[in-house]
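Dear colleague,

I am passing on the structure we spoke about, and below it you will find my notes on what turned up when I went through it. Please read them with the coordinates open beside you.

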Amino acid sequence: MRVSTGARSTPGSGRDDPQLTLLPLASPERAPEPEPVPGQPLWLAVHLPHLALDALAQTDSGSSKPLILTEDPARPRVHDANRAARQAGVRPGMALADALAVLNAPIVLDYEPEAVRRHLLTLAAVLLQFTDHVCPEAGQQRVLLEVGRSLRLFRGAEALEAQVRYTLRRLGYTPRIGTARTPAAARLLARLRHPARPLDRDALRRTLAPLPLTELPLPAADIQALHGIGLERIGDLLRLPRQDLTLRYGTQLPELIDRLLGDLPEPLPRFHPPETPAFHLEFDQEVSATGALRFPLKRLLLQLEHTLRARNHRTQGLELQLLHRGGTATRLTLERSQPGSRVEEWLELWNIRLSRLELPVPVRGLRLAAPQLLPAGDDSNGLFSSRDGSRDESGFLARLRARLGDDAVLRFAPTLHPLPEGAQEACSPDAFPAPPGGAATPAQHVVGAALWLRPLQPASPPGPLDWLGRLEGGWWAGDDQRRDYAIAPDHQGRLCWVFRDLRTGQWQLQGFWG
C-alpha cells in the first residue's frame, strides 16, 4: 500500500484540510542479482564456530549426553557445549561452576587449541581442490578461499558454495559459509550465516547497510562510542565522511570500512600443505577393541581422499600408527598393487588388517600417513593383470596381502643367471622390475622354463625322456655346472623337469613342467 496526502475543501471553511488516502502500490520488479564474472576476485569464507566439537565427532565421541569443553585451567569456563548442554542453558564464556549447577553429570573435556589448529590445517588442505588460493585463519577457526577463477569450473558461485558445504559436512564438520567480493565482507557474512552473495560494490553496500554495528570486528569501546553519537547500523556508518571518522576515531575504523567495500586491498598469504600428508585423531577415551577404530579410521581416509584429490595425486601405500599412552605406537603398513585414493579402495583392506590384530595396550589416537605420493594417471596393472589392462585382479591381491601379511604374497621376476635355480627372484607384487637387458641366453632357449621350480632333489633314472638340451655355465664363478635337461612323466602323470649331472652321472629333479 502507498500513503498519499490529498486535499479536501470544507464548505464554509475557506481552506483545504489534508486527508490521508491509501493507494495501492504496484510491487516493483526486483532486479536480478548480477552474475559473477569469472576471473574477478570473489572470496568465500568458511567459518567453523564448533570446530572443537566437530573434531570430537571424528572419533565417534558425539554423545547425546551434555558435553562441555572447558578452557583456562586457572579459572575454568565454558569454551563450547553440545546441543544437549545448550538446551539446558549452558553458553560459551560461562563459569564451569555455573554450568555444572544446571547440568546433571555432564561430560567435561579440556579444549585443546593445538588439536583444533591441526584440524583447521587439514581442512585447508582439503579445500585446495576448489582453488589454489586458500588461507586458514586458525585463531578465528576460519578458512578463506579466493574462488573467482574457479567459478566456470564449478558452474557458478552458488554451485561452488554448495559443493564446499557438502564436502565439509561429509567429513563431519558444520560450516557457516559467506561469499562476497572482499575477504572482510565474506568473514562477516559467514559469521552471520547471511545468504546474500554481493558481487559488486553497490550490492555489498545494500547487504551491509541493515546489519548492526555490533557485528563489526571492533573493540567494545569503539562500538559504544558510535552508539553514543546515534549510529546503530553499518549503513549509518557508511554515510559518514571518511575524513571525519579519521579525525574522531583514528585510521582503524576507516580502514575497516575500506576493506569491507574493497577500496583498500587485503593481501592474504597462500597455504602450502606439507609434502607428506598426515592425519591425526586423538580419542577422549582409550580404545581396547579394534572394531572401535573403524569409524575414526574411515574419517581419516575421507580426509586423505579429498586431500589427494586436491593435489591430483594417489598413493600405493599407507602407514597407520596406533598411538598408546606414554608416547609408544603400534605401526601398521598396507600396500596395494595399484595406487588409489578413494575410501572404498582402502577401508576394506584396513578392516581386514585390523581384524587380525590383537591390541597389546589400549589406543589413545590414530595417525595416518601417505609416505609416497604418485601422480594421478592411468592405472598400471599388477600381478595377474595384462599390460593392456584387459584383466585386473589387484583388488584380490590387496585383500589377500591384508589378510595373510605382506611377505605371504610375492611375485617372481626374471634374472639373467644361467642356472634355473637362480633365474628368478622373489619381490613384492607392487614392484615392476625392469626386464633384464638383452635377449634370452642360449641356455634359456635350449632348456626352457618350468612352471614350478623346487629345491634340487635326487631322482631315479627316468623312463621315456624328451630331451631338451645341454646347459653349461658357472665356471667363471667357480661353480662349474654341466647338465643335460629332459622332460619325463612320473607315476602320477606329472611332467618332471629333470637333468643329469655330467660330472657325477646323478639325476636331479629341478621342477615340474607346465
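Ser341 touches Glu305, Leu308, His313, Arg314 and Trp346, once residues up to four places away in sequence are set aside. Please bear in mind that this is a predicted model, and that everything below should be read in that light. Ser341 sits in the loop that joins strand S12 (329-340) to helix H14 (343-355), and because its relative accessibility is 15%, under the 20% limit for a buried residue, it counts as buried. Helix H14, which follows that loop, has 13 residues and reaches 18 Å from its first C-alpha to its last, close to the 18 Å expected at 1.5 Å a residue. The buried residues of H14 are Val343, Trp346, Leu347, Leu349, Trp350, Ile352, Arg353 and Leu354, so that Trp346, one of the contacts of Ser341, is itself in the buried set.

Two of the other contacts of Ser341, Glu305 and Leu308, lie within helix H13, which covers residues 294-311. For the 18 residues of H13 a span of 26 Å is expected at 1.5 Å a residue, and the C-alpha atoms at its ends are indeed 26 Å apart, which agrees. Of these 18 residues 13 are buried, and H13 is therefore largely enclosed by the rest of the structure. Just after H13 comes Asn312, which takes a positive phi of about 55°.

How do the axes of helix H4 (residues 113-127) and H13 cross, and within what distance do they come? They come within 7 Å and cross at roughly 45°, an angle that makes H4 oblique to H13. In this contact, Thr122, Ala125 and Val126 from H4 meet Gln303, His306, Thr307 and Ala310 from H13, and by residue type the contact divides into three nonpolar, four polar and no charged. On the H13 side, the general geometry of helices is worth recalling: an α-helix has 3.6 residues a turn, so residues three or four places apart point the same way.

Elsewhere in the chain there is an open sheet of three strands, in the order S5-S4-S6 and with mixed pairing. Strand S5 (77-81) and strand S6 (107-110) stand at the edges with a single partner strand each, so one side of each is left without a neighbour in the sheet. Neighbouring strands of this sheet are turned against each other by 40° on average, direction ignored. Strand S4 (residues 67-71) pairs with S5 in the antiparallel sense over four bridges, and Ile68 has Ala81 in S5 as its bridge partner.

A further loop residue that I looked at is Leu211, found between helix H8 (201-208) and helix H9 (220-228). With a relative accessibility of 9%, Leu211 counts as buried, and it touches Leu188, Leu192, His194, Arg233 and Ile234, again not counting residues up to four places away in sequence. Leu211 and Leu188 are 23 residues apart in sequence, while their C-alpha atoms are 9.9 Å apart in space.

As for the protein chain as a whole, there are 16 helices and 21 strands, and buried residues make up 42% of its 514 residues. Among the contacts with a separation of 6 or more, 57% are accounted for by residues 24 or more positions apart.

With best wishes

Note on methods
Residues numbered from 1 in each chain as written. Predicted model: local features only at pLDDT ≥ 70, side-chain atom pairs only at ≥ 80, totals over all residues. Heavy atoms only, no water. Expected span 1.5 Å × (residues − 1). Buried < 20%, exposed > 50% of the residue type's maximum accessible area, 1.4 Å probe, protein only. Axes fitted to C-alpha atoms, helices over the stretch in contact; angles between N-to-C directions. Parallel < 35°, antiparallel > 145°, perpendicular 65-115°, else oblique. Contact = heavy atoms within 4.5 Å. Nonpolar A, V, L, I, M, F, W, Y, C, P; charged D, E, K, R; others polar. Pairing = 2+ DSSP bridges.
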